[in-house]
Amino acid sequence: MTEPLLKVENLTKIYKTETKETVAIKDIDFTVQKGEFVSIVGPSGCGKTTLLEILSGLRQATTGAVKIKDQVVTGPQSSIGIVFQEESTFPWRTVVENVEFGLLMQGKPKKESREKAIDMIELVGLKGFENSYPNELSGGMRQRVAIARTLVTQPEIVVMDEPFGALDEQTRLILGGELLKIVDRTKATIVLVTHSIQEAALLSDKIVVLSARPGRIKNLIESKLPKPRDAQALTTPEFAEITQTLWSNLEEESLTKTNENNKIGS
Ligand SMILES: Nc1ncnc2c1ncn2[C@@H]1O[C@H](COP(=O)(O)OP(=O)(O)OP(=O)(O)O)[C@@H](O)[C@H]1O
């Protein structure tokens, strides 16, 4: 097996305030190969966002390290692209201006940036909307713009925090399927946080299941779901097996959490 692109080594994060310490994640270890699609799932509050923020260099771990090509990530960097759940398009810029923004910030020439942005807009299925403003688009279309804006700069890794979280299940699965095609074309490497078991099962090559807080690795699922993963993949036995495993893993963890809460409450 080739050397992983991303290494997450023994990550622990403890939040300290004046009155208390919260261990958000503990001893997290996993790797991501170039071109791999990895999802992170876990019960609410188990530290998924914390983990993603550390991976993106937005937050520092208490112990442990994140390495891209063996270089330790010490802060935000252009090799890591981020797509957030919240709408992150600039409302005062058109679609093409949003998408070319990152390239211009990197100092790329205007003409080249415009051409790349237009190609990427076509790839995410928004051809014809280049000159529209975000408020003229649906929520799903705006998330396509956010994805296009990140992918166009060709980061080594794209980190996504519930990018389709605000959308209904049907739209998010359709967009997820489209994301796979885009990932295939651009050879992007993705780390995605999601609450949706179906989304994780459909999209991922590998699924990192976290325990209830403090989030530790409960399970690492290597997907055997055949490719291409379109709507037909939803009816395969492999999909059923992954969703079943995820359900039972997460059910166990939510029960653990309930018991803990009961203890605290008692
Ligand atoms: N800035 C902070 N200061 C102190 N505690 C924090 C901070 N951010 C998160 N936490 C705590 O760390 C734990 C993990 O939070 P985090 O948001 O990473 O979980 P999550 O799995 O993303 O949650 P959800 O699924 O509900 O979005 C929670 O107990 C939270 O209260």
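**Exercise 1. Find which element gives the largest share of the shell around the ligand, and list the residues of that shell.**

Solution. The largest share of the shell around the ligand, three residues, comes from α1, where helices (H or I, at least four residues) and strands (E, at least two) are DSSP runs numbered from the N terminus. The model is predicted, so that local features need pLDDT of at least 70 and side-chain atom pairs count only at pLDDT 80 or more, while totals for chains, interfaces and linings use all residues. Residues are numbered from 1 along each chain as its sequence is written.

Next, list the shell: the residues around the ligand are Tyr15, Thr22, Ala24, Gly42, Ser44, Gly45, Cys46, Gly47, Lys48, Thr49, Thr50 and Arg213, a residue being near a molecule or strand if its C-beta atom, placed from the backbone, lies within 6 Å of it. Two or more residues of this shell are given by each of β2 (21-32) and α1 (48-55).

Finally, sort by class: the shell has three nonpolar, seven polar and two charged residues, with Ala, Val, Leu, Ile, Met, Phe, Trp, Tyr, Cys and Pro counted as nonpolar, Asp, Glu, Lys and Arg as charged, and the others, Gly among them, as polar.

**Exercise 2. Describe how domain 1 touches domain 2.**

Solution. Begin with the bounds, which come from an automatic or database domain assignment: domain 1 covers 1-79 + 155-246, and domain 2 covers 87-154. The C-alpha centres of the two domains lie 24 Å apart.

Then count the contacts: 15 residues of domain 1 are in contact with twelve residues of domain 2, contact meaning that the C-beta atoms of two residues, placed from the backbone, lie within 7 Å. On the side of domain 1 that touches domain 2, helix α5 (residues 169-186) gives the most, with seven residues. By class, that side of domain 1 has ten nonpolar, three polar and two charged residues.

**Exercise 3. Characterise the packing of α2 against α3 and against α4.**

Solution. Take α3 to start with: helix α2 (residues 95-105) and helix α3 (residues 110-123) pack at about 125°, with their axes 8 Å apart, the axes being lines fitted to C-alpha atoms, for helices over the stretch in contact, and the angles running from 0 to 180 degrees between N-to-C directions. That angle makes α2 oblique to α3, since angles under 35 degrees count as roughly parallel, over 145 as roughly antiparallel, 65 to 115 as roughly perpendicular and the rest as oblique.

The residues of α2 that meet α3 include Val99, Leu103 and Leu104, and among their counterparts in α3 are Ala117, Ile118 and Ile121. The residues of this contact divide into nine nonpolar, one polar and four charged.

Turning to helix α4 (residues 139-151), its axis and that of α2 come within 7 Å and cross at roughly 30°, which makes α2 roughly parallel to α4. The contact is made by Val95, Asn98, Val99, Phe101 and Gly102 of α2 and by Val145, Ala148 and Arg149 of α4; by class, it has five nonpolar, two polar and one charged residues.

**Exercise 4. Determine how α4 is placed relative to α5, and which residues meet.**

Solution. The angle between α4 and α5 is about 20°, and their axes are 12 Å apart, which makes α4 roughly parallel to α5. Gly140, Gln143, Ile147 and Leu151 in α4 meet Thr171, Leu175, Leu179, Ile182 and Thr186 in α5. The residues of this contact divide into five nonpolar, four polar and no charged.
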